[in-house]
Amino acid sequence: MILKQGNYFHLTNGQISYIIEVIDEHYLVHRYFGKGIRRWNDSGKVAYYKRSYNTEHGMGNISFDDFPFEFPYQGHGDYRIEAISIEQSDGISMLDLSYVNYKIYKGKDNLNGLPSLRAEKEHAETLEIICEDQVAGVRVTLYYTIYHDQNVILRHQKLENIGTDYFYINNIQSMSLELPSMNWDCISFYGAHAAEANLSRFPLHHGIQRIESRRGSSSPNYHPFFSIVSPDTNVSQGEIYAMHLVYSGNFLAQAEMDQFGCVRMQIGIHPDEFIWKLDPKAVFESPEAVLVYTDQGLNGMSHIFHRLYREHLIPKQFVNQNRPVLLNSWEAMYCDVTMDKLERQMKLAAKAGIELFVLDDGWFREGNTTDTSMGDWECNYEKLPGGIRQVAQKAHDMGMQFGLWFEPEAVGKRSKLYEKHPDWILHVSGYEPTEGRHEYLLDLSRQEIQDYLVDIICSYLKDGDIQYIKWDMNRPLTDVCSERLNGRQKGETAHRYVLGLYKILSRITSEYPEVLIEGCSSGGARFDPGMLYYVAQNWTSDNTDVLDRTCIQSGFSYLYPPILMGAHVSASPNHQTGRESSLSVRYQVARQFNLGYELNLECVDKNEVEEIRNQIEAYKVDRNWMKEGQFYHHDTNQNYVMWSTVSKNQEKCMAMVFRKRHDFFSSHEIFHFLGLNPHWDYYLEQDGKIYGGDELMRIGLSIPLEKRDQDATVWTLQKVGL
Ligand code: DGJ
């Protein structure tokens, strides 16, 4: 419900409230965001101090030093981080946005050319607030969408040139939020290739704390997410204000605590790598930001994100669909692909119950390394004499679907495409372009390049042989300059690249909506809500080592439901770390996620093939309830990783406790279940006993201490009487 009462807007759904005030018919002021309140009677008034060594504004002589602007800009005495800045053609940067009007309506419109959350009329309401600066010729529309039954507010802005001359947008953040002066902690995620999504927590202090990506993609280094949390926050309690950007390019997420302890947090496109020329009448839209509030700790937050992304972000047709169990050829044969080898893997895969056979990199390469033919997308007929069609047909004949790997954005020096169109890559004239993994990146901002990629990928999809695509991208952007843009507009390249990528994905997915795309970028380097609008699952990491995977999957699953995350059982010793682990543990760590296999089945002994068959059989039963189950993280000491999934109706539960190393301090560890019904009794499959839900949650089960490192204990519960 969105109420307009006098000078206030109150967005509320009972669970959360968001309140904005218009002061002096001019300034937009943030009054409140947090737990829902029944009605608003102007409590907690902003203290309008008249401060020395500052400025005075409006009827109340307000000082802007600590003024809680809803959408702040500089130039008048607010010296904190700004949400918008423009530069006129004569170099002047000045803005004074004044409230003009508002609009409230059911549902929400899609953003133009950008991914965004779906919110149908029956699910949400939207408020538009229009502000203008007539002198600068700028109109800004602020968008707020509130869902009826979720603790989520979606925000973005539209900027319009209502003047007669062009101006440049130097910065436009997707949201800005003011929080009261309190002790806060920050939580964000950092990582690297093969070590993605590590949770980092630190106290918020005076000054600016920021994370960012300037790599052209959201990157493995920092995730486009930032949260401010109360210091008592753990998995099941604590207040969290979280923001997440629906965008796959450069981003900046930051929080500033000012001299008085007041806090401002923002997320949006990174202004350092961005400029946008806006001609008269032209419009620019910022990406969408997701703002979440909970007082239920990290599990509370992740449950909100999980439901939101599962129901309102990923392509609609996959919302309720089980994902196929796949076998991926990469770690089995890397680029050394032959029809013979593939056929032998397929036979074993089909026997084991694999549903989708994925041919990864190598099928088009001249040799067996990653430095040839990238960008041509012509099958190497010496390796695969019957072409992709024949490989697909073989998989189909054995009762499996077929999937194919592409890295559409890249082009290699040793390719026909580069020979023909050396100017198609991102490059700065006069400089040798920078290679990454022997590749350059195509300038996706250009229409003819978008057309080339759409045509070539669709040429593979048109016969209906391919049910899945792995969309890879293996290097960060460099030489970020499009030949087609002039002067300062060259600074638009990074954002135009992302828009081009979205256009390509949108064209392919609207033509072939039934094809499942798995996003990938050297693992999880571009795992973000922007990509998930087009792809229904994402490869989580190139690191398939079971110990590292517990950490990486834990990290990403704070934000994404497990059904969106690819988790593969690979070989032991692991190819990335050399560590050994049992097949059973590798499966237990993968099975609450989107299960796949990525190992040479010919090197697996007979018993293990049988074990894999049993694993897949069990997974196929559980995935039906797990895909929409509630995933929980459990508080634990550093030596453990603990997860559980509880079915939507609370009748089933699967818990996994992973111990990194055997140690004698662990002899008294207890696992407390979460999310069960305390009034029901549950049958524990592993000991055949019946326990009350209250007992399992309050007292819990003792974790057995086996004499092993990397040990996994799994418990499965079922409501008695089912
Ligand atoms: C990086 C991916 O993350 C891997 O899974 C694999 O597809 C390789 N690229 C292939 O080059």
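A polar contact is a pair of N or O atoms within 3.5 Å. Keep that cut-off at hand for the exercises below. The model is predicted.

## Exercise 1: The ligand

Task: Find which residues come nearest to the ligand, and test D472, D360 and G523 for polar contacts with the ligand.

Solution.

Step 1. Start with the shell. There are 13 residues around the ligand, and those that come nearest are D360, D361, R437, D472 and D542.

Step 2. Sort the shell by type. It divides into 6 charged, 4 nonpolar and 3 polar residues.

Step 3. Test D472. One of its polar side-chain atoms lies 2.6 Å from a nitrogen atom of the ligand. The cut-off is 3.5 Å, so this pair is a polar contact.

Step 4. Test D360. An N or O atom in its side chain is 2.7 Å from an oxygen atom of the ligand. This pair also passes the 3.5 Å cut-off.

Step 5. Test G523. Here the backbone takes part: one of its N or O atoms lies 3.0 Å from a ligand oxygen.

Step 6. Add the cover. The ligand taken alone exposes 290 Å², and the protein buries 98% of that.

## Exercise 2: S522

Task: Place S522 in the chain, decide whether S522 is buried or exposed, and list what S522 touches.

Solution.

Step 1. Locate the residue. S522 sits in the loop that runs between β27 (516-519) and α8 (529-532).

Step 2. Classify it. Buried means under 20% relative accessible area. S522 has 17%, so S522 counts as buried.

Step 3. Look for a polar contact. The side chains of S522 and N474 make one, at 2.8 Å.

Step 4. List the other residues. Leaving out those up to four places away in sequence, S522 touches H193, E196, D472, M473, N474 and D542.

Step 5. Link back to the ligand. D472 and D542, both touched by S522, are among the residues that come nearest to the ligand.

## Exercise 3: Positive phi

Task: What is phi in D24 and in A194, and is each residue buried or partly exposed?

Solution.

Step 1. Recall the rule. Most residues other than glycine have a negative phi.

Step 2. Read D24. Its phi is near 55°, a positive value. D24 lies in the loop between β3 (16-23) and β4 (27-35).

Step 3. Read A194. Its phi is near 70°, again positive. A194 belongs to the loop between β11 (185-192) and β12 (195-203).

Step 4. Check the cover. D24 has 27% relative accessibility, so D24 is partly exposed. A194 has 19% and is therefore buried.

## Exercise 4: The cis bond and α10

Task: Find where the cis peptide bond lies, then say how many residues of α10 are buried.

Solution.

Step 1. Recall the rule. Most peptide bonds are trans.

Step 2. Find the cis bond. It joins S572 and P573, with omega about -5°.

Step 3. Place P573. This proline is in the loop between β29 (565-570) and α10 (583-590).

Step 4. Move on to α10. This helix is mostly covered, with 7 of its 8 residues buried. They are L583, V585, R586, Y587, Q588, V589 and A590.

## Exercise 5: S644

Task: Where does S644 lie, and which side chain makes a polar contact with the side chain of S644?

Solution.

Step 1. Locate the residue. S644 lies in strand β32, residues 640-646.

Step 2. Classify it. The relative accessible area is 0%, so S644 is buried.

Step 3. Find the partner. The side chain of H634 makes a polar contact with that of S644, at 2.8 Å.

Step 4. Add other residues. Beyond four places in sequence, S644 touches nine-place neighbours and farther ones, including Q592, C653 and F671.

## Exercise 6: Sequence and space

Task: How many residues apart in sequence are V319 and A536, and C603 and A332?

Solution.

Step 1. Take V319. It is in the loop between α1 (297-312) and β21 (326-328).

Step 2. Compare the separations. V319 and A536 are 217 residues apart in sequence, and 8.3 Å apart in space from C-alpha to C-alpha.

Step 3. Take C603. It is in the loop between β30 (594-598) and α11 (606-626). At 63% relative accessibility, C603 counts as exposed.

Step 4. Repeat the reading. C603 and A332 are 271 residues apart in sequence, and 9.2 Å apart in space, C-alpha to C-alpha.

How values were computed
Residues are numbered from 1 along each chain as its sequence is written. This is a predicted model: local features need pLDDT of at least 70, side-chain atom pairs count only at pLDDT 80 or more; totals for chains, interfaces and linings use all residues. Side-chain values use heavy atoms; hydrogens and water are left out. A residue is near a molecule or strand if one of its heavy atoms lies within 4 Å of it. A polar contact is a pair of N or O atoms within 3.5 Å; within protein, one must be able to donate a hydrogen and the other to accept it, and residues adjacent in sequence count only if both atoms are side-chain atoms. Accessible areas come from the Shrake-Rupley method with a 1.4 Å probe; for residues, only the protein chains shown count as cover. Ala, Val, Leu, Ile, Met, Phe, Trp, Tyr, Cys and Pro count as nonpolar, Asp, Glu, Lys and Arg as charged, and the others, Gly among them, as polar. Helices (H or I, at least four residues) and strands (E, at least two) are DSSP runs, numbered from the N terminus. Buried means under 20% relative accessible area, exposed over 50%, partly exposed in between (1.4 Å probe, protein chains only). Contact means heavy atoms within 4.5 Å.
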